[in-house]
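Student: I have a new model open on my screen and would like to understand the words people use for it. Could we go through them together?

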Amino acid sequence: PRIEVLVPPPGSAATQTDGSDAVGSSRIDARLLDRVRALLAKAESTNFPAEAEAYTAKAQELVTRHSLDEALLAARAGDATPVVPYARRVGVDHPHEKEKAALLDAVARANRCHTVSSPELAFSTVFGFDTDIDAVDLLYTS
């Protein structure tokens, strides 16, 4: 079936000239991403389940705290730019596609996002704010 276009594809003529981030681009601080990736790498490399869970929980805590800090800064600055939700498609392939879609949904809900699964097309669509979707993508792919 035809798949609806959610945002202009990369390289298309629809670019922003006001200096703001492009649609769907990451606004998460690079240092924070490095810290979260390091924590997730430690979680994946350990043989101890409790230690892996602690590293993953700390990564989730950092992502959540950053998201809340960004919202507070925008509110204090009186930013008149409307914050709009986005949608991003995440591949959910064989094997275990139902379990992967359920995991993506759990991670999305923990980060204030929602998912709609399209198993016949091998993806789920994550709906939420840009930084929240970035967090979901990072944590899910780990």
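Tutor: Happy to; we will take confidence, then overall make-up, then a helix and the core.

Student: How do you know how far to trust this model?

Tutor: It is a predicted model, and the protein chain averages a pLDDT of 80, with 75% of the residues scoring at least 70. Among the elements, helix 3 (residues 97-110) has the highest mean pLDDT, 95, and helix 2 (residues 49-76) the lowest, 78.

Student: What makes you careful about residues 15-26?

Tutor: On a scale from 0 to 100, pLDDT stays under 50 over residues 15-26. The model has 14 contacts beyond four places in sequence for that stretch. Where pLDDT is low, the predicted coordinates should not be read in detail.

Student: Which elements make up the chain, and in what order do they run?

Tutor: There are 4 helices and 3 strands, and from the N terminus they run α-α-β-α-β-β-α. Of the contacts with a separation of 6 or more, 63% join residues 24 or more positions apart.

Student: How do you know that the span of helix 1 is close to the expected one?

Tutor: Helix 1 covers residues 30-45, which is 16 residues. The expected span is 1.5 Å times one less than the number of residues, and this gives 22 Å. From first C-alpha to last, helix 1 reaches 22 Å, close to that expectation.

Student: Why are some residues of helix 1 called buried?

Tutor: Buried means under 20% relative accessible area, so Leu32, Leu33, Val36, Leu39, Leu40 and Ala43 earn the word in helix 1. They cover an arc of only 130° around the axis, which puts them on the same side of helix 1. The face turned away from that buried side carries Arg31 and Ser45, which are exposed. Across the chain, buried residues make up 30% of the 142 residues.

Student: What makes a set of residues a nonpolar core?

Tutor: Its members are buried residues of kinds such as Ala, Val, Leu and Cys, joined through side-chain atoms within 4.5 Å. The largest such core here has 22 residues, and Val36, Leu40, Ala59, Leu104, Cys113, Val126 and Val136 have the most contacts inside it. Helix 1, helix 2, helix 3 and helix 4 (130-141) each give two or more residues to this core, with helix 4 giving the most, 6 residues.

Student: Which residues does Leu40 touch, leaving out those up to four places away in sequence?

Tutor: Leu40 touches Thr56, Ala59, Leu138, Leu139 and Ser142. A touch here means heavy atoms within 4.5 Å.

How values were computed
Residues are numbered from 1 along each chain as its sequence is written. Side-chain values use heavy atoms; hydrogens and water are left out. pLDDT is the predictor's confidence in each residue, from 0 to 100. Buried means under 20% relative accessible area, exposed over 50%, partly exposed in between (1.4 Å probe, protein chains only). The arc is that of the directions from the helix axis to the C-beta atoms.
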